[in-house]
Amino acid sequence: MSTCPITLITGASRGIGAACAVLCARRGHRVVVNYARDEAAAEDVARQVQQAGGSSLLLQADVSVESDVMRMFDSIDRQWGRLTGLVNNAGIVDVKARVDEMSLERVQRMFAINVFGSFLCAREAVKRMSRRHGGDGGAIVNISSVAARAGSAGQYVDYAASKGAIDTFTMGLAKEVAAEGIRVNAVRPGITDTDIHGSGGEPDRARLLASQIPLQRPGRPEEIAEAVVWLLSDAASYTTGAFLDVGGGR
Ligand code: NAP
């Protein structure tokens, strides 16, 4: 791997992605800060990356749109060269609903962003990292969820199922590209204090569920980022196809 890693973090304009961007910068990465809609928030994260001593490249792309993903990777190639790290973090939830109330449109959007977006970014990353394609190797971290194990009954089974797909994707891709110099792992955060709960109609969710978490509190995005950045690093050189639960014991 390159001595100065070039790492793309999808959905880095806030929450876990933003924390990963800043921690990567502190650990010497050049950081591509991707966002979908909130340019001002993403610009702020790019500034924090620079304040942490890293360089940042700000790139808008909806990860569920193939042409956006291709444009984003082309920009990285042109401006910085071969990518060495990818964090597939961009993800959504939806409002609480039972499966028998879910529209096809809702489920398609959930899988388009959480699964197909991660798939598209991983595909383009492998083309740049793999020794089979002339690359120098690299590391991919997929952000799954404790929900992949729990199923999220009565809340958002579609979301949990999309993260289950991410787990299987991680397992398969890890084996597929291991001999080509790429490690692929997943982090499964538990309830983490970010804006995602507000977008699911429950802004206080993290605080309200605290008593059900063995550690008695939600996680902080920075605590999830520690696991992600370790998996990206050479300290995790013998770790691939692994799942790191960062859920306060859940
Ligand atoms: P968040 O605060 O809602 O942030 C989501 C980020 O994803 C934003 O930067 C958003 O960018 C971006 N995004 C959304 N749709 C996108 C798309 N189509 N293309 C590119 N970027 C997109 O979420 P978070 O809580 O940090 O969650 C990050 C990841 O952790 C997700 O995969 C989530 O499923 C997972 N996770 C979270 C928790 C938790 O409790 N927070 C628990 C387990 C797993 P814009 O604002 O610019 O649109």
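A pocket is here an open set of grid points, where a 1.4 Å probe fits, with protein on both sides within 12 Å along at least five of seven lines. The structure examined is a predicted model. About 960 Å³ of space lies in its largest pocket.

The lining of this largest pocket comprises 43 residues. Asn89, Gly91, Ile92, Val93 and Ile196 lie nearest the pocket centre. Six elements each give two or more residues to the lining: helix 1, strand 2, helix 4 (104–129), helix 5 (147–150), helix 6 and helix 7. By class, the lining of the largest pocket divides into 17 nonpolar, 16 polar and ten charged residues.

The ligand takes up the space of the largest pocket. Helix 1 (15–26), strand 2 (30–35), helix 6 (157–177) and helix 7 (196–199) are the elements that give two or more residues to the shell around the ligand. This shell holds 32 residues. Ser13, Arg14, Asn89, Tyr159 and Thr194 are the closest to the ligand. Asn89 is also among the residues nearest the centre of the largest pocket. The shell consists of 14 nonpolar, twelve polar and six charged residues.

Oxygen atoms of the ligand lie within polar-contact distance of Ser13, Arg37 and Lys163. For Ser13, a polar side-chain atom is 2.6 Å from a ligand oxygen. Lys163 likewise places a polar side-chain atom 2.9 Å from an oxygen atom of the ligand. At Arg37 the partner is a backbone N or O atom, 2.8 Å from a ligand oxygen. Taken alone, the ligand exposes 900 Å². The protein buries 97% of that area.

The second largest pocket has a volume of about 230 Å³. Its lining is made up of 16 residues. Ala18, Ala19, Val22, Gln48 and Glu222 are the closest to the centre of the second largest pocket. At least two lining residues come from each of helix 1, helix 2 (39–51) and helix 9 (221–232). Helix 1 gives the most, with six residues. Eight residues of this second lining are nonpolar, three are polar and five are charged.

Helix 1 thus recurs across the sites described. Two or more of its residues belong to the ligand shell. Helix 1 also gives two or more residues to the lining of the largest pocket, and six to the lining of the second largest pocket.

Methods
Residues are numbered from 1 along each chain as its sequence is written. This is a predicted model: local features need pLDDT of at least 70, side-chain atom pairs count only at pLDDT 80 or more; totals for chains, interfaces and linings use all residues. Side-chain values use heavy atoms; hydrogens and water are left out. A residue is near a molecule or strand if one of its heavy atoms lies within 4 Å of it. A polar contact is a pair of N or O atoms within 3.5 Å; within protein, one must be able to donate a hydrogen and the other to accept it, and residues adjacent in sequence count only if both atoms are side-chain atoms. Accessible areas come from the Shrake-Rupley method with a 1.4 Å probe; for residues, only the protein chains shown count as cover. On a 1 Å grid over the protein atoms alone, a cavity is a set of points where a 1.4 Å probe fits but cannot get out, and a pocket is an open set with protein on both sides within 12 Å along at least five of seven lines; lining residues have an atom within 4 Å of a point. A molecule sits in a cavity or pocket if more than half of its atoms lie within 2 Å of its grid points. Helices (H or I, at least four residues) and strands (E, at least two) are DSSP runs, numbered from the N terminus. Ala, Val, Leu, Ile, Met, Phe, Trp, Tyr, Cys and Pro count as nonpolar, Asp, Glu, Lys and Arg as charged, and the others, Gly among them, as polar. Grid points are joined across faces, edges and corners, and a volume is the space filled by probe spheres set on the points.
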